[in-house]
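User: I'm new to reading protein models, and I'd like to understand why things get the names they do. Could you take me through this one?

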Amino acid sequence: MFGYLVADTGKLTEEEFSRYRACYCGLCRSIRERHGQNAGLALTYDMAFLVLLLSSLYEPEETAGEGTCMPHPVKARAYWQNEATAYAADLNTALAYLKCLDDWEDDGNLGALAEAKLLEASFHRTEKLWPRQCAAIRAGLDKLHELEKKRIEDADAAADSFGGLMAELLVWREDRWSEDLRAVGRSLGRFLYVMDAVMDLDEDARRSRYNPFRRWYGLERNEQRFRDILEMILGECLRSFDRLPLVQDVSILKNILCAGLWQQFDQKYMRKKRGNPDGAGPV
């Protein structure tokens, strides 16, 4: 359910792209500094969105620099970090750990179990720092696991489970912005879950795996059907987002929410229109 919350970099200015990449590099550094090199392998651009959002809202003091690192050992890259970067680094590690355990329980994936073992100590440290958020991740993933195990094809229930998880992750501090941040996170989490289910539908149907939209596999006009659902959810997210007093990096954040989120969806249905190479039914 992660991997969609990224910028459409082709629509960013050069300055915006540099700022966005430096945010990602700062997050990568923070993960490796706080949780070790193995934790850095689980880094996703999705958490860079969280850093940008919280940095824009709370404006914590930033430190910036340039340097080489394990992923880029030759050419130095610019980066910036702040307290929100550290928070996102901790949550990235917690999500990676619990997702690995979930994959182990669902599929008996030994690689996921091995990765979870490497992240276990870091997770327990994070759980002490951010108990509310870690409890929300556990509860959300447990609910999804229960729905999948019972093969309950209830898209609303599944999306709400992930929405509740994301709602708590966006709330860094309990303050006057908490209500709007939870609303953004709840809608965003629902969007991400539905998007992931839509993107996986063809393969899940062929392999008889759980997907709340399996009954729609192969139907005509699925592209428009799914787009309508996703646009409705995203509209709720944007209404809450617009209530936040954001100035810094707001153009990057809106690029992610209004353009970046749709990139994989648009590519999927463009491929289908060119000849349906993935073997799915008509759209």
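Analyst: Happily! Helices here are DSSP runs of at least four residues in H or I, numbered from the N terminus. With that in hand, Q248 can be placed in the loop between α9 (222–241) and α10. Keep in mind that this is a predicted model.

User: Why is Q248 called partly exposed?

Analyst: Its relative accessible area is 32%. Buried needs under 20% and exposed needs over 50%, so a value in between is partly exposed. Leaving aside neighbours within four places in sequence, Q248 is in contact with R19, S55, S56 and E62. Q248 and A155, on the other hand, are 35 Å apart in space, C-alpha to C-alpha, and 93 residues apart in sequence.

User: What makes D180 count as buried?

Analyst: D180 has 15% relative accessibility, which is under the 20% limit, so D180 counts as buried. This residue is found in helix α8 (residues 178–206). Not counting residues up to four places away in sequence, D180 touches S240, R243 and L244.

User: Why is the pair of Y87 and W130 edge-to-face?

Analyst: The structure holds 12 aromatic pairs. In the pair of Y87 and W130, the ring centres are 4.7 Å apart and the planes stand at 80°. Centres within 6.5 Å make a pair, and planes over 60 degrees apart make it edge-to-face, so both values fit the name. This pair links distant parts of the chain: Y87 is in helix α4 (residues 83–107), while W130 is in the loop between α5 (110–129) and α6 (131–149), 43 residues away. Both residues are buried.

User: Which residues do ring pairs link into a cluster?

Analyst: Y58, Y87, W130 and W172 are linked that way.

User: How do you know that the charged end of R173 sits over the ring of W172?

Analyst: The charged end of R173 is 4.0 Å from the centre of the W172 ring. The distance limit is 6 Å, and the charge must also be within 35 degrees of the ring normal. R19 likewise lies over the face of W80, at 3.9 Å from the ring centre.

User: What makes α1 roughly perpendicular to α10?

Analyst: Helix α1 (residues 14–35) and helix α10 (residues 250–258) pack at an angle of about 80°, and their axes are 10 Å apart. Angles of 65 to 115 degrees count as roughly perpendicular, so α1 and α10 earn that description.

User: Which residues of α1 and α10 meet?

Analyst: E16, R19 and Y20 in α1 meet S251, I252 and I256 in α10. Sorted by class, this contact has three nonpolar, one polar and two charged residues.

User: Why is R221 exposed, but R151 partly exposed?

Analyst: R221 has a relative accessible area of 56%, and that is over 50%, so R221 is exposed. R151 has 41%, which lies between the two limits, so R151 is partly exposed. R221 is in the loop between α8 and α9, and R151 is in the loop between α6 and α7 (155–170).

User: What is the phi of R151, and what is the phi of R221?

Analyst: Most residues other than glycine have a negative phi. R151, which is not a glycine, has a positive phi near 55°. R221 is not a glycine either, and its phi is positive at about 65°.

Terms used: Residues are numbered from 1 along each chain as its sequence is written. This is a predicted model: local features need pLDDT of at least 70, side-chain atom pairs count only at pLDDT 80 or more; totals for chains, interfaces and linings use all residues. Side-chain values use heavy atoms; hydrogens and water are left out. Rings of Phe, Tyr and Trp (its six-membered ring) pair if their centres lie within 6.5 Å; planes under 30 degrees apart count as stacked, over 60 as edge-to-face and the rest as tilted. Helices (H or I, at least four residues) and strands (E, at least two) are DSSP runs, numbered from the N terminus. Buried means under 20% relative accessible area, exposed over 50%, partly exposed in between (1.4 Å probe, protein chains only). Axes are lines fitted to C-alpha atoms, for helices over the stretch in contact, and angles run from 0 to 180 degrees between N-to-C directions. Angles under 35 degrees count as roughly parallel, over 145 as roughly antiparallel, 65 to 115 as roughly perpendicular and the rest as oblique. Contact means heavy atoms within 4.5 Å. Ala, Val, Leu, Ile, Met, Phe, Trp, Tyr, Cys and Pro count as nonpolar, Asp, Glu, Lys and Arg as charged, and the others, Gly among them, as polar.
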